[in-house]
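Thanks for making the time; I would like to walk you through one model this morning, starting from a single residue and working outwards. Please have the sequence and the coordinates open while I talk.

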Amino acid sequence: MAAANMNMTRISRRGDWIGGRRGETSRMAATRSLFWFRRDLRLGDNPALAAAARDGAVIALFVLDPALLLPAGPPRVAYLLRSLRLLREQIEDRGGSLLVRAGRPEQEVARVARECAAGSVHIAADFAPYGRERDQRVE
C-alpha cells in the first residue's frame, strides 16, 4: 500500500489525543511516528504508544511474522486474527487505522517507516529470546 493511501490519523481516546492536547495539532501533524504492535495489542495503559503519540501523528502497524505464524496451530492463528480485528475496530473508533503487513519484521518495519516518512519507531519491550533477537535485527 502506498503511503498516500494510508490513513495517518492520530489514535485518540474519547476525544483527547493520547499523550497530547487538542491545541497541539499543528505540531503533531508535522511529525509522524510508527508504532509497531507486537504482543501487547491494547490502546489503553500502553506507555510505548503514549510516547509515540507525544511525537505526533501515529501510524499503527502489526507485522504477521512467518517465524511465529508458521509453527502456530489454527486456534492460535484464529485468536490472533480476532485480536487484530478488535484492535483495528478500536483504532478506527478513534479515527485511525491499523496497517497489517506480512513478512520479516526487519524488512517490513523499515519499509513502512520509509513509506510513511516516520521520524521514529516505537515499540513495547519484548523480553522473550526471539523478541530480543528480532528487535536487534530491526534496529
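Let me begin with F37, which touches R42, L43, N46, L49, A60, L61, F62, L87, I91 and L98, if we leave aside residues up to four places away in sequence. I should say straight away that this is a predicted model, so please take every value I quote as computed from it.

F37 is also one of the residues with the most contacts inside the largest nonpolar core, a set of 16 residues in which F35, F62, I91 and L98 share that distinction. As for where this core draws its members from, β3, α2 (residues 47-55), β4 and α4 each supply at least two of them. Apart from this core there is another one, made up of ten residues, including W36, L61, A113 and C116. As general background, nonpolar side chains in soluble globular proteins tend to be buried together.

Now to the sheet, where the four strands are arranged in the order β5-β4-β3-β6, the sheet being open and the pairing parallel. The edge positions belong to β5 (98-102) and β6 (120-122), and because each has a single partner strand, one side of each is left without a neighbour in the sheet. From one strand to the next, the twist averages 30°.

Looking more closely at one pair, β4, which covers residues 57-64, is joined to β5 in the parallel sense over five bridges, and L98 in β5 is the bridge partner of A60. Both A60 and L98 appeared earlier among the residues that F37 touches. Across β3 (32-37), β4 and β5 lies helix α4, residues 74-93, which runs at about 170° to β4.

Which residues does E108 touch, again not counting those up to four places away in sequence? They are V63, R101, A102 and G103. E108 sits in helix α5, residues 105-116, and with a relative accessible area of 7% E108 counts as buried, since the cut-off for that label is under 20%.

Finally, the chain as a whole: it has six helices and six strands, and along the sequence they follow the pattern β-β-α-β-α-β-α-α-β-α-β-α. Of its 139 residues, 40% count as buried, while the protein chain exposes about 7,900 Å², of which carbon and sulfur atoms supply 52%. Among contacts with a separation of 6 or more, 73% come from residues 24 or more positions apart.

Notes. Residues numbered from 1 in each chain as written. Predicted model: local features only at pLDDT ≥ 70, side-chain atom pairs only at ≥ 80, totals over all residues. Heavy atoms only, no water. Pairing = 2+ DSSP bridges. Helix = DSSP H or I, 4+ residues; strand = E, 2+ residues; numbered from the N terminus. Axes fitted to C-alpha atoms, helices over the stretch in contact; angles between N-to-C directions. Contact = heavy atoms within 4.5 Å. Core = buried A, V, L, I, M, F, W, Y, C linked by side-chain atoms within 4.5 Å. Buried < 20%, exposed > 50% of the residue type's maximum accessible area, 1.4 Å probe, protein only. Areas by Shrake-Rupley, 256 points an atom, 1.4 Å probe, with all protein chains shown as cover.
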